[in-house]
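Colleague: Please take a close look at one part of this model for me. I would like the cavities, and above all the smaller of those you describe.

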Amino acid sequence: MVEEKKLFEEVSETNFPRLEEAVLAFWREQQIFAKSDQKPAPKGEFVFYEGPPTANGKPAMHHVLARSFKDIFPRYKTMQGYHVTRKGGWDTHGLPVEIAVEKKLGVLGRKTLNREQIAEFTQQCREWVFANIEDWNYFTERMGMWVDLENAYVTYHNSYIESVWNLLKRMWDKGMVVQNYKVVPLSPRISSTLSQNEIADGYREVDDPSVYVRFPLKRETTPEAVRERLMAQGVRLEDLDNLAILVWTTTPWTLPSNTMAAVNPEMDYAVVRSPSVGHLIFAAEAVERLRELHKEELEVVAHLKGKDLEWWEYTPPFPEVCVELGVVKEQGEKRPDGRPVLHFVALADFVSAEDGSGVAHEAPVYGAEDLELSRQYGTPLLFGTNEYGLMQVTDERGKFFKDADKGLIRIMKERGVMYHAGQIRHRYPFHDRTGDPILYFAKPSWYIKTSNFRQALYDNNEKINWFPEHIKHGRFGNWLKDNVDWAISRERYWGTPLPFWVSEDGSEKICVGSVRELSELAGRDLSDLDLHRPYVDEITFVKNGKTFRRVPEVLDVWFDSGAMPYAQWHLLLDGQGQPLPGTEENYRLWQRHFPADYICEAIDQTRGWFYSLHAISTLLYDQPCFKNVICLGHLVDEKGHKMSKSKGNVVEPLPMFDKYGADAVRWYLFTGSEPGEQKRFSERLVQEAQRGFLGTLWNVYSFFVLYANLDRPNLQNRPAVVDRPEMDRWLVARQQQLVERVTARLDAYDARGAGKELEQFVEELSNWYVRRNRRRFWKNDDPTDRESAYATLWEALVTVVQLAAPFTPFVAEALWQNLVRKVQPEAPESVHLSDWPNADPALVDETLLTQMGAVVKVVGLARSARAISGVKTRMPLPRVLVTAPTEAELAGLRHFADEIADELNVKAVEVLGLGEALLSYRVLPNLPVLGKKYGKRVPAIRDALAELDSQMVARTLKSGHSLSLEIEAERLVLEPGEVLLEALSPEGYAAQEQEGYMAALEVRIDEQLLLEGLSRDLIRLVQQARKEMGLNVSDRIHLTYTAEGRYAESLVQFGQRLQEETLALSLEQTKPVGYITELSDEEGAVKFGLRKA
RNA sequence: GGGCGGUUAGCUCAGCUGGUUAGAGCACACGCCUGAUAAGCGUGAGGUCCCGGGUUCGAGUCCCGGAUCGCCCA
């Protein structure tokens, strides 16, 4: 006999990693990703932007997280009929690369690099950038992320740089680019700008001076507000001798550079009489502290508000400095509007009185906040040191800044302005390579005037959907509200060179917007020029008789990545916003892909990529750059600690893929917690994810294939849904509901919610549908019923496979190939080329869903009751009483009474309706309804309801009447909807109740039931033996036996059933032969012999 | 120092606009089932919902204060 070809590939044990490798090979060979690009897209383009990772590090678990979320929605949208361009990208410039190369080359002070060294340095950077590109390519493919890496954009490519220049030029033309000072951390001896990361580890606990200095106030400039307030308190200004404002600082070396004294406008300031120095003004909150510190009796004579003090002029401790530096012509110089140029009291919210005097000394050259304040007040800068940290003024001239403190304190003591000099222990950053303290120093820097667009940035943010939502007005919104100008220049080598050329005398500046423009200026073709340093630095040109040279800085890498919507297509526009000649196609591509429908990165990108994208598109196009954004939380280890190499708690992705499969990892990342939350990650959790969803799905699948291969159902021509049994129609309805819900969730970018729906469905599919219908698949002589069962289960599986495809692309593909392609050769070649299922609302039979819901609920309660009663399921029981809270559900229980009886192994199901004699109830107020209506009287109503006869209440409500109550001598009428009844367990039954559902088993076992129960024990005994013999499920046997006691009786009555269940062709009471199995207990004894037929 | 978020069972997490006995999965214990079988299912135990105060008939949920962890920014 020729064996018929199997309908489906047999399903072996689960080995997801091997399965995934096979799927990868299939995708590769059949070019499925490329084909998905060609899939018809009636819905148009869904625009996705790949936020470029850096390829110099190794891919880690958090990259799996981001890439999973980047992958799922494009896959979903593709199935839905959108086209999704999935262009990859690499971020290649910037500090991490430079630092790595610096280490390698042993270069420390970049100031000293000559042309050759720069060439060597940038060359090394270029090579280092893709140090791990092979790992990235492999990893990306292996995890099932579809992205076009062959045509990825690369931020260091000339074409990319040219587009970035072009963007800068357009901003330049609109006057958005300016040069201004910026306070940066310097390592002073080498005058090298450091990044925050470089100083983050350099903090040390040190002792620094803590000095309180008197700034004598100029009486003639006393603000009107001060005069008035003093008068109101009965204090005469004239009586205040030696009046000074008391300023606190821990950096005496910055005092020569002082330009303002800042007070908090909302804080209280005290006018204090000091026996030693006369009158002082400082924060009221600090009086007690100063009293103890300086050990003298301070008397508060008046109170002032910080804002009263604005513009009050004072004499600084080193008044000669400003003239010396040529910043003003004379001390006390005024502006045209009469305001002082320098040395006055300013208002600043950041001033606090927690330390010091509540009056801050402002030296804008040495502090970012100070510099910002100086901009607000329009004061000039006083450079007390140069950028190597050497003092340029006072008698301490030439000293290293920290070494100048002592001498300056001495001078101030001599001048009689030092009120108190002490010490403070605090943390201060040091540069760990030179050992020098960090110098914060204002350097000229290039800015984009984003602060002019604060409102537009904020308004455009309103148009973006943020997931999670709180980022929108929280982290991101606040950041936009407080927006400061974007400092875009860096004193580095490996980056997009700033395309600014400046004339020798500094009077003229040109921004270059394309290579062609530069060629024209230089008078030669520069098409082949590497736009990086040092080569671009060598391009000079003469215009208007002046020689122009490029500024030395390179561009902030965040601008690079924020430019990707334009630069990935090499967009080049002229001043009118039209494409430069020959770039029309680039323009078309850009237009089709702007703005993005969806982007996704981790939460640290709010100030990074999310911001740079948003800022550039707002400034140039006044619109948001992306419509939907998922902001992922960070991955931490099992204990909630950050994963880091030094801690050794890093979970590598590839071993996880090899052990559990990429799908298991993906599923966990999608469904394990909210995407925006921090996630704890561990191997154990991946294992759980694999077992929970994938394992259950696999079980159902293998069950289906096992029997379908035996029965060969016709799946091409399936029975109409209306002709199928109710159980099948239920699953069909449930399946439509699933499609609806998963689609809605994914449309809302809720991968987790969608995943939970899938998980729930698969659970019901396995533990209800398959469990209840097993026999229809293996011992079904009714072909119509059998075909219906196969069709229904097949459809459910195929639907799940399609819905799961964006989540777990490998398993979905494998099942699709076997379940669909084997029976429908004309079906799409890959599940990812198939169309997303549509829900058919006509098939959502709400009644059926409600009814089955009640059945499942009641069966659950009955199982619980049986477990408590201690009577095994094998033992039939005479009766179960069930009830449910609504009429619709009660109808369902009646309707499916046979299912319930079978599932619970009981002889009869009795459905008890409202008000039936066997039932008693708990009478409860419907709180959400009653609470709103009666408020404080709720407790009294609750008590009154408990007093009532529940049977009476049940009958009243059943008849639709309202309930009348007497409460605190008042008559209240409760409508039926305002009172809830919960069935209570009847006496004498093993019962469970919950929220109005109840199941009560009658535990009464008579002789007949006992014999039946024993027969099931015997069946089990034989089945066990069959398994031990290694028989196939369809093998026939011959049975011989001896028996005594009740087992003998049971076999007489139920022998026929035993034969049927165990596929025994004969059952003879004789000496057992063959494989022997036996049993003996208080009910009797039995011994079977099994022989294969 | 500021901003944002978290803190619920041993673990990982749900808990919508306040509402009755705070849930799920895993792990654990016990049991069930046996033609999905080196699978499957159920039951149970396990909680000061971080702490303190407030609003309310009623707070895990809202408000205020604090602790703590994390991220970002200074």
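Modeller: Start with helix α2, residues 32-38. With three residues, helix α2 gives the most to the lining of the second largest cavity. This is a predicted model, and the cavity is a computed one. Its full lining consists of Phe-33, Ser-36, Asp-37, Thr-78, Tyr-82, His-83, Val-84 and Arg-86. By character, that lining divides into three nonpolar, three polar and two charged residues. The volume of this second largest cavity is about 30 Å³.

Now the wider setting. Searching the whole structure for cavities of 30 Å³ or more gives two. The largest has a volume of about 40 Å³. Around the largest cavity stand Phe-48, Tyr-49, Glu-50, Thr-85, Lys-87, Met-564, Gln-568, Trp-569 and His-593. Here the split is four nonpolar, three polar and two charged.

Put the two linings side by side. Thr-85 and Lys-87 belong to the lining of the largest cavity. Val-84 and Arg-86 belong to that of the second largest. Each lining also includes a histidine: His-593 for the largest cavity, His-83 for the second largest. Both linings hold three polar and two charged residues. The nonpolar count is four for the largest cavity and three for the second largest.

To close, return to helix α2: its share of the second largest cavity's lining is three residues. Among the residues lining that cavity are Phe-33, Ser-36 and Asp-37.

Methods. Residues numbered from 1 in each chain as written. Chains lettered and ligands numbered in written order. Predicted model: local features only at pLDDT ≥ 70, side-chain atom pairs only at ≥ 80, totals over all residues. Heavy atoms only, no water. 1 Å grid on protein atoms, 1.4 Å probe; cavity = no way out; pocket = protein on both sides within 12 Å on 5 of 7 lines; lining within 4 Å. Points joined across faces, edges and corners; volume = space filled by probe spheres on them. Nonpolar A, V, L, I, M, F, W, Y, C, P; charged D, E, K, R; others polar. Helix = DSSP H or I, 4+ residues; strand = E, 2+ residues; numbered from the N terminus.
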